[in-house]
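Me: I would like to go through this chain by question and answer. Please keep it brisk.

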Amino acid sequence: MPQYIAFLRGMNLGKRRIKMDALRAHFVDMGFDDVATFIASGNVLFTAGSRAEKKLVSQIEEHLRRALGYDVPTYLRTRAEVAGVLAFRPFPVREMESEENTIHVGFWQTAPSAADARALTAIRTKTDEFAVNGREFYWLCRIPTHESKVWSLPEMKALTLPDVTARNISMLRRLAAQFPSEKV
(Lines give C-alpha, C1' and ligand atoms only; values in the text may rest on other atoms or scores of the structure.)
Protein backbone atom coordinates (compact mmCIF):
# COMPACT_ATOMS: atom_id res chain seq x y z
CA MET A 1 0.00 0.00 0.00
CA PRO A 2 1.23 3.52 -0.71
CA GLN A 3 2.81 5.36 2.21
CA TYR A 4 2.04 9.05 2.54
CA ILE A 5 2.92 12.08 4.59
CA ALA A 6 0.20 14.69 4.97
CA PHE A 7 1.58 18.13 5.71
CA LEU A 8 -1.30 20.02 7.30
CA ARG A 9 -1.19 23.81 7.20
CA GLY A 10 -1.84 25.90 10.29
CA MET A 11 -1.98 23.14 12.88
CA ASN A 12 -1.38 24.05 16.52
CA LEU A 13 -1.19 27.75 15.78
CA GLY A 14 -3.34 30.26 17.64
CA LYS A 15 -6.69 28.71 18.58
CA ARG A 16 -6.21 25.75 16.24
CA ARG A 17 -4.99 23.27 18.85
CA ILE A 18 -5.28 19.51 18.57
CA LYS A 19 -3.54 16.75 20.49
CA MET A 20 -1.57 14.39 18.28
CA ASP A 21 -3.45 11.32 19.55
CA ALA A 22 -6.73 13.00 18.48
CA LEU A 23 -5.27 13.83 15.07
CA ARG A 24 -4.11 10.24 14.65
CA ALA A 25 -7.59 9.04 15.62
CA HIS A 26 -9.13 11.17 12.84
CA PHE A 27 -6.86 9.52 10.28
CA VAL A 28 -7.73 6.07 11.62
CA ASP A 29 -11.43 7.02 11.42
CA MET A 30 -10.90 7.79 7.72
CA GLY A 31 -9.72 4.19 7.22
CA PHE A 32 -5.99 4.79 6.95
CA ASP A 33 -3.43 2.37 8.36
CA ASP A 34 -0.05 2.71 10.07
CA VAL A 35 -0.96 6.22 11.24
CA ALA A 36 1.72 8.20 13.07
CA THR A 37 2.38 11.86 13.74
CA PHE A 38 5.70 13.64 13.81
CA ILE A 39 6.06 16.67 16.07
CA ALA A 40 2.99 18.71 16.84
CA SER A 41 2.87 20.81 13.70
CA GLY A 42 0.65 18.76 11.42
CA ASN A 43 2.79 16.01 9.93
CA VAL A 44 0.82 12.76 9.62
CA LEU A 45 2.24 9.56 8.17
CA PHE A 46 -0.10 6.83 6.98
CA THR A 47 -0.74 4.14 4.41
CA ALA A 48 -3.76 4.09 2.14
CA GLY A 49 -5.14 1.70 -0.42
CA SER A 50 -5.76 4.53 -2.85
CA ARG A 51 -3.17 6.12 -5.09
CA ALA A 52 -5.54 8.92 -6.11
CA GLU A 53 -3.89 11.90 -4.44
CA LYS A 54 -6.64 14.45 -5.17
CA LYS A 55 -9.25 12.08 -3.75
CA LEU A 56 -7.20 11.51 -0.60
CA VAL A 57 -6.59 15.24 -0.12
CA SER A 58 -10.33 15.95 -0.51
CA GLN A 59 -11.19 13.18 1.94
CA ILE A 60 -8.75 14.47 4.57
CA GLU A 61 -9.71 18.12 4.17
CA GLU A 62 -13.45 17.41 4.33
CA HIS A 63 -13.16 15.08 7.34
CA LEU A 64 -10.98 17.53 9.30
CA ARG A 65 -13.23 20.48 8.37
CA ARG A 66 -16.27 18.64 9.77
CA ALA A 67 -14.43 17.30 12.83
CA LEU A 68 -12.46 20.42 13.78
CA GLY A 69 -14.72 23.19 12.53
CA TYR A 70 -12.15 24.92 10.34
CA ASP A 71 -10.35 24.37 7.05
CA VAL A 72 -7.12 22.37 7.15
CA PRO A 73 -5.31 22.68 3.82
CA THR A 74 -3.51 19.40 3.15
CA TYR A 75 -0.37 18.84 1.11
CA LEU A 76 0.21 15.17 0.40
CA ARG A 77 3.47 13.50 -0.59
CA THR A 78 4.56 9.89 -0.76
CA ARG A 79 7.57 8.91 1.29
CA ALA A 80 9.50 8.52 -1.97
CA GLU A 81 8.58 12.09 -2.94
CA VAL A 82 9.86 13.37 0.41
CA ALA A 83 13.10 11.49 -0.24
CA GLY A 84 13.30 13.31 -3.57
CA VAL A 85 12.74 16.64 -1.83
CA LEU A 86 15.66 15.89 0.48
CA ALA A 87 17.90 14.67 -2.34
CA PHE A 88 17.38 17.80 -4.44
CA ARG A 89 20.26 20.25 -4.00
CA PRO A 90 19.15 23.65 -5.32
CA PHE A 91 21.96 25.63 -3.67
CA PRO A 92 25.73 25.16 -3.42
CA VAL A 93 26.82 22.50 -0.90
CA ARG A 94 28.43 25.08 1.40
CA GLU A 95 25.08 26.94 1.55
CA MET A 96 23.06 23.75 2.03
CA GLU A 97 25.27 22.51 4.86
CA SER A 98 26.01 25.78 6.66
CA GLU A 99 24.66 25.77 10.21
CA GLU A 100 24.16 29.51 9.91
CA ASN A 101 21.65 29.13 7.07
CA THR A 102 18.08 27.96 7.25
CA ILE A 103 16.38 26.20 4.38
CA HIS A 104 12.63 25.87 4.27
CA VAL A 105 10.75 23.71 1.81
CA GLY A 106 7.36 24.96 0.69
CA PHE A 107 4.82 22.36 -0.45
CA TRP A 108 2.18 23.28 -3.03
CA GLN A 109 -0.74 21.06 -4.00
CA THR A 110 -0.09 21.90 -7.63
CA ALA A 111 2.98 23.32 -9.29
CA PRO A 112 2.92 27.01 -10.10
CA SER A 113 3.02 28.22 -13.69
CA ALA A 114 6.46 28.37 -15.26
CA ALA A 115 6.24 32.17 -15.24
CA ASP A 116 5.42 32.27 -11.52
CA ALA A 117 8.22 29.80 -10.75
CA ARG A 118 10.69 31.98 -12.68
CA ALA A 119 9.41 35.09 -10.91
CA LEU A 120 9.91 33.51 -7.47
CA THR A 121 13.43 32.32 -8.26
CA ALA A 122 14.27 35.79 -9.59
CA ILE A 123 13.62 37.29 -6.15
CA ARG A 124 16.98 37.43 -4.45
CA THR A 125 18.41 39.51 -1.69
CA LYS A 126 21.75 39.51 0.06
CA THR A 127 20.27 37.08 2.58
CA ASP A 128 17.53 35.22 0.69
CA GLU A 129 17.37 32.98 -2.34
CA PHE A 130 14.69 30.72 -3.83
CA ALA A 131 14.58 27.64 -6.03
CA VAL A 132 11.57 25.80 -7.45
CA ASN A 133 11.37 22.11 -8.28
CA GLY A 134 7.93 20.93 -9.36
CA ARG A 135 5.47 21.23 -6.48
CA GLU A 136 8.10 22.47 -4.01
CA PHE A 137 10.07 25.61 -3.49
CA TYR A 138 13.21 26.00 -1.41
CA TRP A 139 13.96 29.17 0.54
CA LEU A 140 17.56 29.69 1.59
CA CYS A 141 17.81 32.29 4.36
CA ARG A 142 21.25 33.36 5.54
CA ILE A 143 19.96 35.19 8.64
CA PRO A 144 17.37 34.18 11.23
CA THR A 145 14.20 33.75 9.19
CA HIS A 146 12.15 36.06 11.41
CA GLU A 147 14.59 38.86 10.51
CA SER A 148 14.18 38.40 6.76
CA LYS A 149 12.29 41.13 4.92
CA VAL A 150 11.96 39.17 1.69
CA TRP A 151 8.26 38.39 2.18
CA SER A 152 7.40 42.09 2.38
CA LEU A 153 9.12 43.02 -0.90
CA PRO A 154 6.74 44.43 -3.53
CA GLU A 155 7.81 41.83 -6.09
CA MET A 156 7.04 39.04 -3.59
CA LYS A 157 3.61 40.48 -2.81
CA ALA A 158 2.91 40.75 -6.54
CA LEU A 159 3.27 37.00 -7.06
CA THR A 160 0.15 34.87 -7.50
CA LEU A 161 1.55 31.59 -6.23
CA PRO A 162 -0.59 28.64 -5.07
CA ASP A 163 -1.30 28.25 -1.35
CA VAL A 164 1.58 26.62 0.49
CA THR A 165 2.71 25.03 3.72
CA ALA A 166 6.40 25.05 4.59
CA ARG A 167 8.71 22.96 6.72
CA ASN A 168 12.30 23.42 7.81
CA ILE A 169 14.53 21.04 5.86
CA SER A 170 16.23 19.84 9.06
CA MET A 171 12.80 18.77 10.39
CA LEU A 172 12.17 16.92 7.12
CA ARG A 173 15.49 15.11 7.54
CA ARG A 174 14.51 14.07 11.08
CA LEU A 175 11.13 12.92 9.78
CA ALA A 176 12.80 10.76 7.12
CA ALA A 177 15.23 9.33 9.69
CA GLN A 178 12.30 7.98 11.72
CA PHE A 179 11.85 5.28 9.10
CA PRO A 180 15.26 3.74 8.50
CA SER A 181 13.77 0.44 7.34
CA GLU A 182 11.56 2.21 4.81
CA LYS A 183 12.75 3.55 1.50
CA VAL A 184 11.89 7.12 2.35
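Me: How far apart are the mean positions of the positive and negative charges of the chain?
Reply: Lys and Arg count as positive, Asp and Glu as negative, and His and the chain ends are not counted. Each charge is placed at NZ of Lys, CZ of Arg, CG of Asp or CD of Glu. The chain has 26 positive and 21 negative charges, and their mean positions are separated by 2 Å.

Me: What kind of model is this, and how are residues numbered?
Reply: This is a predicted model, where local features need pLDDT of at least 70, side-chain atom pairs count only at pLDDT 80 or more, and totals for chains, interfaces and linings use all residues. Side-chain values use heavy atoms, with hydrogens and water left out, and residues are numbered from 1 along each chain as its sequence is written.

Me: How many helices and strands does the chain have?
Reply: Helices (H or I, at least four residues) and strands (E, at least two) are DSSP runs, numbered from the N terminus. On that basis the chain has 7 helices and 8 strands.

Me: What radius of gyration does the chain have?
Reply: The radius is taken over C-alpha atoms, and the globule rule is 2.2 Å times the number of residues to the power 0.38. For 184 residues, a compact globule would come out near 16 Å. The chain agrees with that, at 17 Å.

Me: What percentage of the 184 residues is buried?
Reply: Buried means under 20% relative accessible area, exposed over 50%, and partly exposed in between (1.4 Å probe, protein chains only). Of the 184 residues in the chain, the buried share is 45%.

Me: Which strands pair with strand 3 in the antiparallel sense?
Reply: Two strands pair if DSSP finds at least two bridges between them. Strand 1 (residues 3-8) has 5 bridges to strand 3, with alanine 6 opposite valine 44. Strand 2 (residues 33-37) has 3 bridges to strand 3, and alanine 36 is the bridge partner of leucine 45. The antiparallel partners are strand 1 and strand 2.

Me: Why is strand 3 largely enclosed by the rest of the structure?
Reply: Asn43, Leu45 and Thr47 are buried on one side of strand 3, and Val44 and Phe46 on the other. Both faces are thus covered. Strand 3 (residues 43-47) is largely enclosed because its buried residues number 5 of 5.

Me: Which residue in the turn between strand 2 and strand 3 has a positive phi?
Reply: Strand 2 and strand 3 form a hairpin with 5 residues between them. A phi of about 45° belongs to isoleucine 39.

Me: Is aspartate 34 buried or exposed?
Reply: Aspartate 34 lies in strand 2. Phi of aspartate 34 is near 50°, a positive value in a residue other than glycine. With a relative accessible area of 58%, aspartate 34 is exposed.

Me: Which residues of strand 4 does alanine 6 contact, and what is its relative accessibility?
Reply: Contact means heavy atoms within 4.5 Å. Leaving aside neighbours within four places in sequence, alanine 6 has contacts including Phe27, Val44, Thr74, Tyr75 and Leu76. Strand 4 covers residues 74-78, and strand 1, which holds alanine 6, pairs with strand 4 in the antiparallel sense over 5 bridges. The contacts in question are Thr74, Tyr75 and Leu76, and the relative accessibility of alanine 6 is 0%.

Me: Which residues does aspartate 71 touch, not counting residues up to four places away in sequence?
Reply: Aspartate 71 sits in the loop between helix 2 (53-68) and strand 4. Aspartate 71 is partly exposed, at 42% relative accessible area. Glutamate 61 is 10 residues away in sequence and 6.9 Å away in space, C-alpha to C-alpha. The residues touched are Arg16 and Arg65.

Me: Which strands are joined to strand 5 by bridges?
Reply: Strand 5 (residues 102-108) is mostly covered, with 6 of its 7 residues buried. An antiparallel run of 6 bridges links strand 5 to strand 7 (residues 136-141), where tyrosine 138 is the partner of valine 105. Another 5 bridges, also antiparallel, lead to strand 8 (residues 164-168), where threonine 165 stands opposite phenylalanine 107. The joined strands are strand 7 and strand 8.
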